[in-house]
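This briefing goes through a predicted model. The points are grouped by topic.

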Amino acid sequence: MNDIFDHNPQGSLLFKFILLASISATVMVFDYRDTILHPVRTTLTMITYPFKYAVNLPFDTYDYLVDYFNEHSKMAAENRQLRSTLDLYVARNQKYHSIASENIRLRKQLNAIPKIGEELLLAQVLSVSGNTFRRKVTINRGANDHLYTGQVILAGKNIYGQIDSIAPDSAEVMQLTDSDHAIHVVNQTVLKRREKSTDEETKTKDQGRGALAVGTGKTNLLELRNIEANMDIKKGDIYVSSGLGKLYPPGYPVAIVSSIEYNSGDSFMKVMARTLTDFTQTREVLAIWHNKTMMDANQEEPESQLKKNKANEKSTLKK
Amino acid sequence: MGNSVSLRFTGAIIASVIFSFLLLLLPLPDEWLLWRPEWIALTFIYWCLKLPKKISIVLAWIAGLFIDVFHGSILGQHALSMVIVVFMSLRLLPRLSISILWHQYALIFLVLGTYLLINLWIMAATGSNPATWQYWLTLFSSLLIWPLYSWVLSFFHIERSRFDEF
């Protein structure tokens, strides 16, 4: 071979082994403690992207062909349904615009910071399998589409996860169910229940309805931690994101309670919840800009925001 | 082994490693994912058995780095365990008569067991412990698939019996 220890291959093997093992150990320490190796990971991810794309391609083509040869009547029915949904949304959007402009006007009168809508981008989940015990997927959008690390990813109207690492044309998304992931949530159903109840005492009691939804590493399963034993919680309660921690936008549905266990004597209940996103079925996800636009919007004058919105309104009215 | 083994074409080892990466990335339902064999480690063990002079420990290290990138694990974790796989296989090789399937199984069990254990230690130390016995299922699926997989990999080389030359 090409090394200088050719007369002693066993010794050369041992030498190479020790060398490579110590390099690996050093790399691990740096990757765990520091961020200087991120460019290396990004470069390797870029090299491997065509590979992932190639594996994904036949499955993608299969989906496409299935769609293509779908029955015409079924397609037409689906199309009609979609059109009616679209009409519904257009009507709703109209209302939303007037409410948004009213909101901005009121906020201006209150001298408050303008709250701005969110921007979305559709991305596709590549069908490649990853680590068995982590819940991470690759999507086909990356830094070139202005995605950033820590960005929130939605599936429909539910939360899907956040971007963990990013490359120019792809990004790794950590799902809600990853064992390293946690999100602060609040019980939405309990609020509705309290509104209905006439008892004044329960109405005012608003403490401790939040919880931490921690990933279990299992498909579609979350564990709700820090729920006190005296909490008003039922199977089927829906938890939405609270917006605490400023990463996730508030009010997006996260999970539905599936089982509640309580051992007498414990101070917390053991609550498991199913995610509202079905991670096995979701193929298309939305990247959302909400923190960033908020920051950008802060620099923009409220006046110009108003003008912009009026212009928007006019254009929608014309249509 | 008495038989002369040569590669079917130049770069056959790299081609087989790329093939194993394709198998690694093949989309599987979540229930099956637990049973996914360690394709890349198996490939390197295979070449260690067949062509111990041709196999490069550096290639194993690079392959390990790529596994880390694909799996999103800490950089260097699989690189270290892959290096250990090749080193252990090459060191155990002279101690076993490798043409016997039973001996092959013993070697794979030991080497893959160490591979998984090292990975488990590193994962536990960095706070992403799988915390389930199902982690070890992959060891058994790797052993089960071995006869079939080694047959598939035999397409990457030519094996000539001593008597063919006459």
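The buried residues of α1(B) pack against elements of both chains: α2 (38-68) of chain A on one hand, and β1 (4-7), α3 (39-50), α4 (57-71) and α7 (137-153) of chain B on the other. The points below start with this helix, then take the interface between the chains, the two strand assemblies of chain A, and some single residues.

**Helix α1 of chain B**
- Helix α1(B) covers residues 12-25, which makes 14 residues.
- From the first C-alpha to the last, α1(B) reaches 20 Å, close to the 20 Å expected at 1.5 Å a residue.
- The buried residues in α1(B) are I13(B), S16(B), V17(B), S20(B), F21(B), L24(B) and L25(B).
- An α-helix has 3.6 residues a turn, so residues three or four places apart point the same way.

**Interface of chains A and B**
- In the contact between the chains, 37 residues of chain A meet 33 residues of chain B.
- On the side of chain A that touches chain B, α1 (9-33) and α2 of chain A each supply at least two residues.
- The most comes from α1(A), which gives 11 residues to that side.
- By type, the residues of chain A on that side divide into 16 nonpolar, 12 polar and 9 charged.
- T132(A) is in contact with L33(B), L34(B) and R36(B), leaving aside its neighbours within four places in sequence.
- The loop between β1 (119-124) and β2 (136-139) of chain A holds T132(A).
- T132(A) counts as buried because 20 other C-beta atoms lie within 10 Å, and 20 or more is the cut-off.
- K218(A) is 86 residues from T132(A) in sequence, yet their C-alpha atoms are 9.5 Å apart in space.

**Open sheet of chain A**
- An open sheet of 6 strands in chain A has the order β1-β12-β3-β4-β5-β2, with antiparallel pairing.
- At the edges stand β1 and β2 of chain A; each has a single partner strand, so one side of each is left without a neighbour in the sheet.
- On average, neighbouring strands of this sheet are turned by 40 degrees against each other, direction ignored.
- Within this sheet, strand β3 (residues 152-155) and strand β4 (residues 158-166) of chain A run antiparallel and are joined by 4 bridges.
- Opposite I153(A) in β4(A) stands G161(A).

**Closed barrel of chain A**
- A second set of 6 strands in chain A forms a closed barrel, running β6-β7-β8-β11-β10-β9 with antiparallel pairing.
- From one strand of the barrel to the next, the twist averages 40 degrees.
- Strands β9 (residues 238-241) and β10 (residues 253-261) of chain A run antiparallel, with 3 bridges between them.
- Y239(A) has A255(A) in β10(A) as its bridge partner.

**Asparagines with positive phi**
- N220(A), which is not a glycine, has a positive phi near 60 degrees.
- N220(A) sits in the loop between β7 (210-215) and β8 (221-225) of chain A.
- With 21 other C-beta atoms within 10 Å, N220(A) is buried.
- N226(A) also has a positive phi, of about 60 degrees, although it is not a glycine.
- N226(A) lies in the loop between β8 and β9 of chain A.
- N226(A) counts as partly exposed, with 15 C-beta neighbours inside 10 Å.

**Y62 of chain A**
- Helix α2 of chain A contains Y62(A).
- Is Y62(A) buried or exposed? Y62(A) is exposed, because it has 11 other C-beta atoms within 10 Å and 12 or fewer is the cut-off.
- Y62(A) and E78(A) are 16 residues apart in sequence and 20 Å apart in space, C-alpha to C-alpha.

Terms used: Residues are numbered from 1 along each chain as its sequence is written. Chains are lettered from A and ligands numbered from 1 in the order in which they are written. This is a predicted model: local features need pLDDT of at least 70, side-chain atom pairs count only at pLDDT 80 or more; totals for chains, interfaces and linings use all residues. Two residues are in contact if their C-beta atoms, placed from the backbone, lie within 7 Å. Two strands pair if DSSP finds at least two bridges between them. Axes are lines fitted to C-alpha atoms, for helices over the stretch in contact, and angles run from 0 to 180 degrees between N-to-C directions. The expected span of a helix is 1.5 Å times one less than its number of residues. Ala, Val, Leu, Ile, Met, Phe, Trp, Tyr, Cys and Pro count as nonpolar, Asp, Glu, Lys and Arg as charged, and the others, Gly among them, as polar.
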